[in-house]
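This report goes through the backbone, one helix, the cores and the aromatic pairs of a single chain. The structure comes first and the description follows.

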Amino acid sequence: MPFNYYHATDIPDSLYDEIIQSHYPEGFDQAYRADKLREIIKTYSISRAQYWLDLGCGLHSLLSEAEGDNGAVIHLLDPNPEARKSYETYKDDFKNTKLVFSGGIGEKLPYKDHMFGFIYCGG
């Protein structure tokens, strides 16, 4: 089976669900993945004093879900304009955790070198 490479900026929004379904045919279990991410944060004592990055955050940041409202500063990066719209609806749900959204792609990170203490890429 040949590998199909898609660059996120080349994909119309209507195809995102189809692509996700082809990669996760059993379903995309967000709660399970958030639990596993919480385990990683706890096991490795990842510092909330450093910036975190959710690379390719999508329509809802799994990293922000795993973190809850515990005080991290999480930068969210995604090229999909729908991700920014979604972020606008949930960013104010947090009082202690700060979310910062940037449009962009992983191949051209709009950040300084060594800025992040923790980087998550779930896709």
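## A turn in the backbone after α2

Directly following α2, Ser45 adopts a positive phi of about 45°. The model is a predicted one. Ser45 is not a glycine, yet its phi is positive. Most residues other than glycine have a negative phi. The residue sits in the loop between α2 (30-43) and β1 (51-55). Because its relative accessible area is 60%, Ser45 counts as exposed.

A second non-glycine residue with a positive phi is His114, at about 60°. His114 belongs to the loop between β3 (98-103) and β4 (116-120). With a relative accessible area of 83%, His114 is exposed.

Two serines and their surroundings can be set beside Ile46 and His114 in a table of accessibility.

| Residue | Place | Relative accessible area |
|---|---|---|
| Ser45 | loop between α2 and β1 | 60%, exposed |
| Ile46 | loop between α2 and β1 | 15%, buried |
| Ser102 | strand β3 | 17%, buried |
| His114 | loop between β3 and β4 | 83%, exposed |

## The chain as a whole

The chain contains 4 helices and 4 strands. Read from the N terminus, the order of elements is α-α-β-α-β-α-β-β. Of the 123 residues in the chain, 33% are buried. Among contacts with a separation of 6 or more, 64% join residues 24 or more positions apart. The exposed area of the chain is about 8,200 Å², and carbon and sulfur atoms supply 53% of it.

## Helix α2 and the loop that follows

Helix α2 consists of 14 residues and spans 20 Å from its first C-alpha to its last, close to the 20 Å expected at 1.5 Å a residue. Its buried residues are Arg33, Ala34, Leu37 and Ile41. These lie on the same side of α2, because they cover an arc of only 100° around the axis. They pack against β1, α3 (62-67) and β4. On the face turned away from the buried side, α2 carries the exposed residues Lys42 and Thr43.

What does Ile46 contact, leaving aside its neighbours within four places in sequence? Its partners are Ile40, Ile41, Trp52 and Phe118. Ile46 lies in the loop between α2 and β1, and the residue counts as buried because its relative accessibility is 15%, where the limit is under 20%. Ile46 also lies 7.7 Å from Gly117, C-alpha to C-alpha, although 71 residues separate the two in sequence.

## Nonpolar cores

In soluble globular proteins, nonpolar side chains tend to be buried together. In this model, the largest nonpolar core has 20 residues. Those with the most contacts inside this core are Leu37, Trp52, Leu63, Ile74, Leu76, Leu99 and Phe118. Two or more residues each are given to this core by α2, α3, β2 (73-78), α4 (81-90), β3 and β4. Apart from this core lies another, of 5 residues, including Leu55, Leu77, Tyr111 and Phe116.

Trp52, listed above in the largest core, has many partners to name. Not counting residues up to four places away in sequence, Trp52 touches Ile41, Ile46, Ser47, Leu63, Glu67, Ala72, Val73, Ile74, His75, Phe116 and Phe118. Phe116, one of these partners, is in the core of 5 residues.

## Aromatic pairs and Ser102

How many aromatic pairs are there? The count comes to 4. One of them joins Tyr111 and Phe116, edge-to-face, at 4.9 Å centre to centre and with 90° between the planes. Both Tyr111 and Phe116 are buried. Elsewhere, ring pairs link Tyr87, Tyr90 and Phe101 into a cluster.

Tyr111 also appears among the contacts of Ser102. Ser102 is part of strand β3. Is Ser102 buried or exposed? Ser102 is buried, because its relative accessible area is 17% and the limit for buried is under 20%. Beyond residues up to four places away in sequence, Ser102 touches Leu76, Leu77, Asp78, Arg84, Pro110 and Tyr111. Of these, Leu76 is listed in the largest core, while Leu77 and Tyr111 are in the core of 5 residues.

How values were computed. Residues are numbered from 1 along each chain as its sequence is written. This is a predicted model: local features need pLDDT of at least 70, side-chain atom pairs count only at pLDDT 80 or more; totals for chains, interfaces and linings use all residues. Side-chain values use heavy atoms; hydrogens and water are left out. Buried means under 20% relative accessible area, exposed over 50%, partly exposed in between (1.4 Å probe, protein chains only). Contact means heavy atoms within 4.5 Å. Rings of Phe, Tyr and Trp (its six-membered ring) pair if their centres lie within 6.5 Å; planes under 30 degrees apart count as stacked, over 60 as edge-to-face and the rest as tilted. Accessible areas come from the Shrake-Rupley method with a 1.4 Å probe; for residues, only the protein chains shown count as cover. The expected span of a helix is 1.5 Å times one less than its number of residues. The arc is that of the directions from the helix axis to the C-beta atoms. A nonpolar core is a set of buried Ala, Val, Leu, Ile, Met, Phe, Trp, Tyr and Cys residues joined through side-chain atoms within 4.5 Å.
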